[in-house]
Amino acid sequence: MLHMRNLASGSSGNSTIFWTDSSVILVDAGLTALQIRRRVEDTGFDIEEIDAILISHEHTDHIRGIEILSRRYGIKIYANEGTWKGIEKSKSVKKGVENRALLKDDMLFGDIRVESFPVPHDATDPVGFRISSGSESAVIVTDIGHPTSYLSRIIRKSSVIVIESNHDIEMLLNGPYPYYLKQRILGPEGHLSNEDCGRALEDSIDGDKTVVLAHISEHNNTPELAEKTVRSHIGDGAELILTGRDPGPVLEM
Ligand SMILES: [Zn+2]
Ligand SMILES: [Zn+2]
């Protein structure tokens with residue numbers, strides 16, 4: 001049985017844990033190593049039980065903990081070549097990451113299969129992940145400037161969809177961010193609005209699926225607005241779960 005739990009989501013840090021009876025992996029580690037360890041323990045695992053940490057891209061809110069997690073606990077960090085280049089330049093990594101490994105498009109960690117695919121976002125080589133075990137599967141795409149047709153296909157094949165519902169366009173435009181940052185977020189390699197998220201899901205969602213709304217902005221969105229907008233696109237069938245700074249519920253696939 002494949003399980004997952006979002007440990008944190010948003011610009012202050014992202015991390016999600018997936019596990020089966022025999023394997024445990026993390027997607028992104030954007031909190032401090034200590035915060036990640038506490039949340040992993042709270043989920044019922046020792047930090048040393050983590051078999052791999054997979055990195056979607058080099059932005060700080062996805063990699064903050066990797067240097068310490070890899071050095072102190074010997075956990076292997078997987079990222080593609082472009083993302084490693086981005087990580088080397090990042091201020092959040094000081095001495096360099098030990099236990100580096102190259103992320104391939106299709107990998108097995110025990111009985112957990114991890115497929116990565118490119119997403120449009122302003123990082124060196126950002127990816128989304130499809131995580132599966134037997135017939136159970138989830139997709140996780142938290143930083144994506146616009147939906148792609150490839151993503152729609154993956155969403156149709158997955159029972160849990162973790163997808164960004166970053167901002168409400170009106171709130172962003174009228175909000176506190178400087179002009180250049182608003183343009184970056186709204187651009188094709190920025191972040192998905194609630195509206196974009198709803199549209200990305202509407203043709204691919206049925207009542208058997210669970211949608212987890214992720215990376216909800218604290219300045220340019222509210223959980224209520226994200227939920228309402230996405231619901232208006234997908235109807236009442238699918239289960240909808242919101243994420244934030246605190247860990248979410250355990251989901252079984
Ligand atoms: Zn990002
Ligand atoms: Zn992010």
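Biologist: Which residues are exposed on the other side of helix 7?

Modeller: This is a predicted model, in which local features need pLDDT of at least 70, side-chain atom pairs count only at pLDDT 80 or more, and totals for chains, interfaces and linings use all residues. Residues are numbered from 1 along each chain as written, chains are lettered from A and ligands numbered from 1 in written order, and side-chain values use heavy atoms, without hydrogens or water. Helices are DSSP runs of H or I with at least four residues, strands are E runs of at least two, and both are numbered from the N terminus. With exposed meaning over 50% relative accessible area, buried under 20% and partly exposed in between (1.4 Å probe, protein chains only), the exposed residues opposite the buried side of helix 7 are Tyr 179 and Tyr 180.

Biologist: Within what arc do the buried residues of helix 7 fall?

Modeller: Helix 7 spans residues 179-186, and Leu 181, Lys 182 and Ile 185 are buried there. They line one face of the helix, because their directions, seen down its axis, fall within an arc of 100°.

Biologist: Which helix do the buried residues of helix 7 pack against?

Modeller: Contact here means heavy atoms within 4.5 Å. By that criterion, the buried residues of helix 7 pack against residues 169-174, which form helix 6.

Biologist: How many residues are in the largest nonpolar core?

Modeller: A nonpolar core is a set of buried Ala, Val, Leu, Ile, Met, Phe, Trp, Tyr and Cys residues joined through side-chain atoms within 4.5 Å. In the largest one, Val 40, Ile 53, Ile 66, Leu 69 and Ile 87 touch the most other members, and its total is 27 residues.

Definitions and conventions. Arc of directions from axis to C-beta.
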